[in-house]
Amino acid sequence: MLRGFARKYVYDGLFSGLYASGALGLYHRLRNADSLTVVMFHRTLRPGDPRWASCDPDYTLDESLFVASLAFFARHYNIVSLAQVLRARREGTRLPPRALLITFDDGWLDNVDYALPALQRSGLPAVMFVAADAVGARQPFWQERTIAAWRAGRLAVDAFADTVIAHGGQRHSRDGIAGLRELIAQIERMPTTTRQAVVAAHASALDDGLRHMVDVTDLHRLRAGGVELGLHGKSHVAMKRADDLDNELGGAREAMARMLDLPEGLASTPCATMSFPHGSFDEAIAQRARESGYELLFTSVPVLNRVGSQPSWLLGRTGYETDTVAGADGHFQPERLAWYLFRREARRLA
């Protein structure tokens, strides 16, 4: 029975052989011709950037791996814009075979610094789903600030746990970043005022003095550079825990319209699409978002989207992490990405 490194080498050899032979590519061309693949990025940074040392590694991709991923997409897919997907939904315009849409969540400034130039050099479109309240905010969401403070040595897990316990939580059961994520998950379930009190108790430690989020000028740069915009809620709260769901839906749209000086109405691309923060939604929330005017809703359900005569209004997206594209040495492995993407379950979510 294969174990540990032996299994890894066998699997790596299998992936490499199938990819190099063209078998994986042929499988993809035949199996996924009628699918829309939507890939989901968060942060894109260059090692050496001051933000790199404390970013959340689960949601950050090295710029070089991002550039290599774009080349992979161009080789194996027909990259489409958000406007093309909207037209296909509205008018029944056919998407090309093996369509792929590149998306980013949240509104990170590093996407402007690194992802945007890479996309422009490649001539590829993308979309950024922006949390409206994050625009113009220097510091990121409290979850990311907590991870960053711990990685930078400004926050001890046990001290943070003491605050959580004092506000009705429980002590973590694991060490290091895993224990910190346990505490963050507890805080996310707390009432809004309690959550704010926990975060406020460590406010000084959670501020690194850097700017992390886009501002209105950056939004215009993104649009001018071929990156379309959509919404990611208003406050970035999980929709299932929102105190005011109407504000998270309609309030986000109104804020985006003001920031971009858009005409009234729901038809403009930035006001017609949304991804659910934290992937949090249920059938009732999805229907409510649709009824409020969003034409395309993007989830974190990791499926390829069967298109048929037109794409669904509810779309799955495939997450993207370093382990998805790189080996233990940190180098890009196209065979690893092919094995990950080409074999995803393909179906319609609605």
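A search of the whole structure, which is a predicted model, identifies two cavities of 30 Å³ or more. The largest cavity encloses about 40 Å³ of space, and the second largest cavity holds about 30 Å³.

The lining of the largest cavity is formed by H42, R43, D56, Y59, D106, W108 and E144. Classified by residue type, this lining of the largest cavity comprises four charged residues, two nonpolar residues and one polar residue. Around the second largest cavity, the lining consists of F41, H42, R43, Y59, T60, L61, Y320 and E321, and these residues of the second largest cavity divide into four nonpolar, two polar and two charged. H42, R43 and Y59 appear in the lining of the largest cavity as well as in that of the second largest cavity, whereas D106, W108 and E144 are among the residues listed for the largest cavity, and Y320 and E321 are among those listed for the second largest cavity.

With regard to cysteine, the structure contains zero disulfides. Two cysteines were examined for their accessibility to the probe. C55 has a relative accessibility of 4% and is therefore assigned to the buried class, for which the relative accessible area must be under 20%. C271, with a relative accessible area of 1%, is likewise buried.

Key:
Residues are numbered from 1 along each chain as its sequence is written. This is a predicted model: local features need pLDDT of at least 70, side-chain atom pairs count only at pLDDT 80 or more; totals for chains, interfaces and linings use all residues. Side-chain values use heavy atoms; hydrogens and water are left out. A disulfide is a pair of cysteine sulfur atoms within 2.5 Å. Buried means under 20% relative accessible area, exposed over 50%, partly exposed in between (1.4 Å probe, protein chains only). On a 1 Å grid over the protein atoms alone, a cavity is a set of points where a 1.4 Å probe fits but cannot get out, and a pocket is an open set with protein on both sides within 12 Å along at least five of seven lines; lining residues have an atom within 4 Å of a point. Grid points are joined across faces, edges and corners, and a volume is the space filled by probe spheres set on the points. Ala, Val, Leu, Ile, Met, Phe, Trp, Tyr, Cys and Pro count as nonpolar, Asp, Glu, Lys and Arg as charged, and the others, Gly among them, as polar.
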